[in-house]
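Got your viewer open? Here is a short walk through the model, one selection at a time.

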Amino acid sequence: MTRRAGTRARAGWPALLAVLTIVPGVAAVAFPGPARAAAPTTVCQIRDERLTEISGMVATDSGFVLVNDGSDEASRRRIFFLDARCAVVRTVAFPSRPRDTEDLAVGADGTIWVADLGDNDRTRSTVALWKLAPGARRPVLHRLTYPDGPHDAEALLLGGDGRPVVVTKQGGEAGLYVPTGPLRAGATVPLTRAGQLRLPSTTTANPYSFFGRRLVTGGATAPDGRRVVLRTYADAFEFDVTDGDVVAALTGGTPRVVALPDEPQGESITYSRDGRSLLTVSETAGQPPGTRPTVLRYARPQPSATPSPAGSSPSAGSPPAPAVSGGSSSAPSVAADPRAGGGGVRSLLLGVGGIGVGLLMIALVAVGRARRTRR
């Protein structure tokens with residue numbers, strides 16, 4: 001999420017306006033009870049003052065790699081390499097200024113992918129992926145363009161064939177986009193829309209309430225390629241991947257859920273190098289003085305047989321999805337909460353409430369335009 005001088009954008013207008021895209025699908029998704037969050041363990045704290053707007057993280061054999069989101073300060077527009085104690089050991093500069101770096105991924109060969117995909121105002125004609133090969137001194141820029149206009153995106157996954165999958169930060173149904181061909185330095189490669197994803201609803205506490213539970217802010221692929229995880233400001237959703245097909249997993253699978261409650265602004269997630277844990281870190285810009293970004297370790301959710309959640313959304317042309325494992329004792333499956341005793345009523349009320357909020361936002365925008373016209 002891009003910052004502007006002297007402000008802390010947090011979810012901002014784009015997140016509020018996302019309700020207009022959330023509303024059509026709200027009533028179709030059963031609203032589960034709150035997930036029981038297993039307490040995370042602290043891995044280490046980051047004390048480098050340049051790392052307060054962390055938007056992407058991957059784990060390496062020797063520590064971590066991190067990036068900030070878009071920043072006005074040149075010292076923060078770098079790829080940061082940290083040791084296992086979260087101390088910065090080196091940085092890599094970009095050969096030209098990135099627009100808004102929002103996520104990281106690591107390939108099977110150790111290549112670091114930097115996802116320069118942020119576009120809060122939806123004005124970019126192209127987005128970019130930077131590739132830093134092992135031992136390289138500078139990352140290489142690869143430009144991409146959407147087939148259906150600009151999108152804001154903060155999550156990057158890698159398929160079994162190494163092809164990147166972009167997941168948009170969009171309420172309701174997030175778009176899944178893949179390149180139409182091999183990436184080429186100095187050229188712009190079109191993306192194609194490969195599917196759409198609707199995450200199940202939860203009630204996990206987070207700074208942005210309902211909006212924070214619907215917007216994808218980061219993602220990661222497991223080291224063995226057999227799982228991927230997406231996160232919101234509130235939760236992590238892990239999907240099983242068959243034959244390296246990430247798009248099929250996201251459009252037809254049932255995720256397991258890990259609650260990530262009350263992170264100041266959680267946008268980063270990755271797997272530990274052994275694939276047994278999920279690691280997160282939050283932005284701390286705007287927090288009380290002395291607040292340090294902290295890498296947290298969460299136990300992965302364990303599979304158990306559960307039915308598919310209401311509101312799953314396969315991509316066009318996909319076969320009906322088989323039942324996929326989901327849920328655990330520490331993170332129950334995303335089905336209607338049996339204690340609610342009226343999931344349909346709750347969903348209906350939520351849908352009506354969402355429509356009301358959407359109408360209110362439209363009215364506020366109309367009033368603002370009218371005032372500017374009179375001026």
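## Stop one: a tucked-away leucine

Select Leu215: its relative accessibility is 3%, so this residue counts as buried (buried is under 20% relative accessible area, exposed over 50%, partly exposed in between, with a 1.4 Å probe and protein chains only). A quick word on what you are looking at: this is a predicted model, where local features need pLDDT of at least 70, side-chain atom pairs count only at pLDDT 80 or more, and totals for chains, interfaces and linings use all residues. Residues are numbered from 1 along each chain as its sequence is written, and side-chain values use heavy atoms, leaving out hydrogens and water.

Leu215 lies in the loop between α3 (209–212) and β14 (218–221). Those labels come from DSSP runs, numbered from the N terminus: helices are H or I with at least four residues, strands are E with at least two. Now add Thr232: Leu215 and Thr232 are 17 residues apart in sequence, and their C-alpha atoms are 5.4 Å apart in space.

## Stop two: the nonpolar cores

Which residues have the most contacts inside the largest nonpolar core? Pick out Leu157, Val167, Leu230, Phe239 and Leu250, in a core of 20 residues. (A nonpolar core is a set of buried Ala, Val, Leu, Ile, Met, Phe, Trp, Tyr and Cys residues joined through side-chain atoms within 4.5 Å.) Colour β10 (153–158), β11 (164–168), β12 (174–179), β15 (227–231), β16 (235–240) and α4 (246–252), and you have the elements that give two or more residues to this core. The biggest giver is α4, with 4 residues.

Zoom in on Leu250. Not counting residues up to four places away in sequence, Leu250 touches Leu157, Val167, Leu176, Leu197, Val228, Leu230 and Phe239 (contact means heavy atoms within 4.5 Å). There is also a second, separate core of 16 residues, and Ala105, Leu129, Leu156 and Val189 are among them. In soluble globular proteins, nonpolar side chains tend to be buried together.

## Stop three: a buried alanine

Head to Ala153 in strand β10. Is Ala153 buried or exposed? Its relative accessibility is 0%, so Ala153 counts as buried. Show what surrounds Ala153: leaving aside neighbours within four places in sequence, its contacts are Glu102, Leu117, Gly118, Tyr146, Val166, Val167, Thr168 and Lys169. Measure across to Asp116 as well: the two C-alpha atoms are 8.8 Å apart, while Ala153 and Asp116 are 37 residues apart along the chain.

## Stop four: rings

How many aromatic pairs are there? The count is 4. (Rings of Phe, Tyr and Trp, using the six-membered ring of Trp, pair if their centres lie within 6.5 Å; planes under 30 degrees apart are stacked, over 60 edge-to-face, and the rest tilted.)

Select Phe94 and Trp130, an edge-to-face pair with 5.0 Å between centres and 65° between planes. Phe94 is in the loop between β5 (88–93) and β6 (103–106) and Trp130 is in strand β8 (residues 127–132), so the pair links distant parts of the chain, 36 residues apart. Phe94 and Trp130 are both buried.

Next, try Tyr146 and Tyr177: their ring centres are 5.0 Å apart and their planes are at 80°, so this pair is edge-to-face. Tyr146 sits in the loop between β9 (140–145) and β10, while Tyr177 is in strand β12, 31 residues apart. Both Tyr146 and Tyr177 are buried.

## Stop five: the disulfide and its hairpin

The structure holds 1 disulfide (a pair of cysteine sulfur atoms within 2.5 Å). Show Cys44 and Cys86 as sticks: their sulfur atoms are 1.9 Å apart. The link is right-handed, with 45° about the S-S bond. Cys44 is in strand β1 (residues 41–45) and Cys86 is in the loop between β4 (78–83) and β5, 42 residues apart. Cys44 is buried at 7% relative accessible area, and Cys86 is buried at 4%.

Stay here and look at the strands. β4 and β5 form a hairpin with 4 residues between them, and Cys86 in the turn has a positive phi of about 70°. β4 and β5 run antiparallel, joined by 5 bridges (two strands pair if DSSP finds at least two bridges between them). Leu82 stands opposite Val88 in β5. For a last look, select β4: 5 of its 6 residues are buried.
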